Amino acid sequence: MLLAVHVPAYNVEGNVWSPKGKNGQENLKRKRLRWMKSGVAPETVNVTSLKTSCTVKAVKPTTSCQLRKQSNEKLSSHSSGSLFEKDISLECIVDKFNTADLEWTEKIPECPVYQPSKEEFKDPLIYLQKISPEASKYGICKIISPLSASNSAGSVLMKEQRGFKFTTRVQPLRLAEWDLDDKVTFSLRGRNYTLRDFEKMANKLFARRYCTSGCLPSSFLEKEFWHEMAYGKKGTVEYAINVDGSAFSSDPRDQLGKSKWNLKTLPRLPKSTLRLVEAVIPGITDPMLYIGMLFSMFAWHVEDHYLYSINYHHCGAPKTWYGVPGCSALDFEKVVRYHVYNPDILSNEGEDGAFDLLLEKTTMFPPNILLQHDVPVFKAVQMPGEFVITFPRAYHAGFSNGFNCGEAVNFAIGDWFPFGAAASQRYALLSRMPILPYEELLCKEAMLLFRSSKHKALEYSFADSVSHHFIKVSFVKLIRFHHYARWCLKKVRVSLSVSPNFQGTIICSLCKRDCYVAYLKCNCYCNPICLFHVTDAGSLKCQCGTNRILFLREDISEMENVAQKFEQDEGILQEVQQEIKCGDDMCLPPNMIPCIKDGYTPYSEVMFIDDQIRVKRKSVEAETRTVKNAMTLNLLKQQELRPQNKLHLKGIISGRTAMSRDEAETIKIRKNVGANVGKTEDRNEVLQVRMSNRLQKTRKKSSRSISRLSSRF
């Protein structure tokens, strides 16, 4: 069992609180367990040495008050309506969640806890690359900072962000049936607060409920929370979520504030892929604050685009976290689909339906359901001064043990890209608007990696090599897909023109997928369509079938060359081929997996009608330039022989006239080519013969003109 009193706690003054004695804590534990079974109230635990205040002194407890029986407890109301509100309705007990026995809370294992040295702590992304292979198996981990903030969160928010206020959300403190008649939302807005006012309110409620201003053991409050969720009388709490701002100090004397672990700068560090995002995205590229009170909760969810997240606990009471490893995400969604949600509320089939509803971040249920169905769950109790990391695709949830203030932001390193591809594919299936331009980030990161790899003097660590491997594999798969999609279009010989894509990332009008490498337009859809809607027969899911325009990046040839270079690295091509063969490629839809029997060859030349016309025109232009250069050379030679002859000037003028005639003839040929080119390859071949014949005539005329000029001299 993980007890908060077993872990040193840091308050905003930097003091450390530790338990007074093992025997005393064991006695307290036994008393609490007897109370949970018998309903007799435990003794008040007054831990006065663990201060939770960010801005004000804790509210003194009333000496005469005693804890009420949990089963009969009537939660008080406050004039602001911000605490556990009164409700005359009966207890809301959800039968599907068996919370009668809360001993399961002691069976959840702890996540890994890391205590880096100051040297290891210098660069957060290098350190996270180092621990990721082990820590990601747990979904979450905790990192205890060796540096402390010299300026408290309260002073930073009040001094560096003058007039700081926030609006809370009201959260129902109950479990739901999750059917058409009973869902939970956090849409009700609370009051506007200053940090000081919210802290006063939260501490007053805590003292009124537990008759103490100190922190109670987290294991006790964990049972309290789930008992209240299951048997409470529909109370509510307030939680300030997604609050703009940061509590990291800008004071250069603040050791933590000036470090790279400052969440205001971490997402833009050199090894973070989010540095390539040009726009400011609150909560993803810029941190946001989370200010809670007793039992404020963050429901089960996964980060946007399956990103990493980092959460720092500035001050206040601990937070209890639950995490599920990313490798068990589908098992988690399956349990939610069959044992939490009723089928009538799911808008999509399978686990995608559960994922779609989980994205609303309002689904809260006890983790013992996951344990009963063999889904691994791990727990963390986060104290002030500690970081909690969530790994890609790791579902997590939790609640506050009292008033506290935390800060969180997302980041991404190289091993995120496979998860990003899976998230993009899933968003497209659900027509969810993406927040990040995944294709653009991958292409830019891969091209930067290739250019930096040309410098042989650079030496990469093992963690960097692993990160680069994920980037290369993801990039090769993306470029191979786009090449195969263009080949499918070419195979059915549809009328298709090609235009350069200068607009960067475009959103597909059908599935909302982000398009960076290429996209289509046709008569049926005025808006862009991504190439993922191209089937193996090469036809779009539309009625026109013709007059399509393919918008393709001008540097596509360079990107394909880079992909081929990456495939030469050890293990890259084998991994790509294995994923495609096994159907494990989350980037490719099933109808777009290449087959050898189709006659497809990766990176083969794929030329459409416009491409062929462009090549032939370039050939004509090259030959024309050759003729013009020969004429100019002959004239220069004649000029050197008779530089003072007046007839030389006349010859030069005549030569220019002849050149002008040739240029006019060439332009005429180009116009004829542009006007007469048909829509089939046979027509193009006929035109090519005609252009060659006319070019030969032009050459003969030019030769005769040069001969006449030479004879005059």
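# Reading a predicted chain

Mentor: The protein chain exposes about 33100 Å², and carbon and sulfur atoms supply 50% of it, where areas come from the Shrake-Rupley method with a 1.4 Å probe and, for residues, only the protein chains shown count as cover. This is a predicted model, in which local features need pLDDT of at least 70 and side-chain atom pairs count only at pLDDT 80 or more, while totals for chains, interfaces and linings use all residues. Residues are numbered from 1 along each chain as its sequence is written, and side-chain values use heavy atoms, with hydrogens and water left out.

Trainee: Why does Cys327 count as exposed or buried?

Mentor: Buried means under 20% relative accessible area, exposed over 50%, and partly exposed in between (1.4 Å probe, protein chains only). Cys327 has 69% relative accessibility, so it counts as exposed, whereas Cys443, with a relative accessible area of 2%, is buried.

Trainee: What makes H5 largely enclosed by the rest of the structure?

Mentor: Of the 14 residues of H5, 13 are buried, and therefore the helix is largely enclosed. Helices (H or I, at least four residues) and strands (E, at least two) are DSSP runs, numbered from the N terminus.

Trainee: How do you know that the span of helix H5 agrees with what is expected?

Mentor: The expected span is 1.5 Å times one less than the number of residues. For the 14 residues of H5 (residues 218-231) this should be 20 Å, and the end C-alpha atoms are 20 Å apart, so the two agree.

Trainee: How many disulfides does the structure hold?

Mentor: A disulfide is a pair of cysteine sulfur atoms within 2.5 Å, and the structure holds 0 of them.
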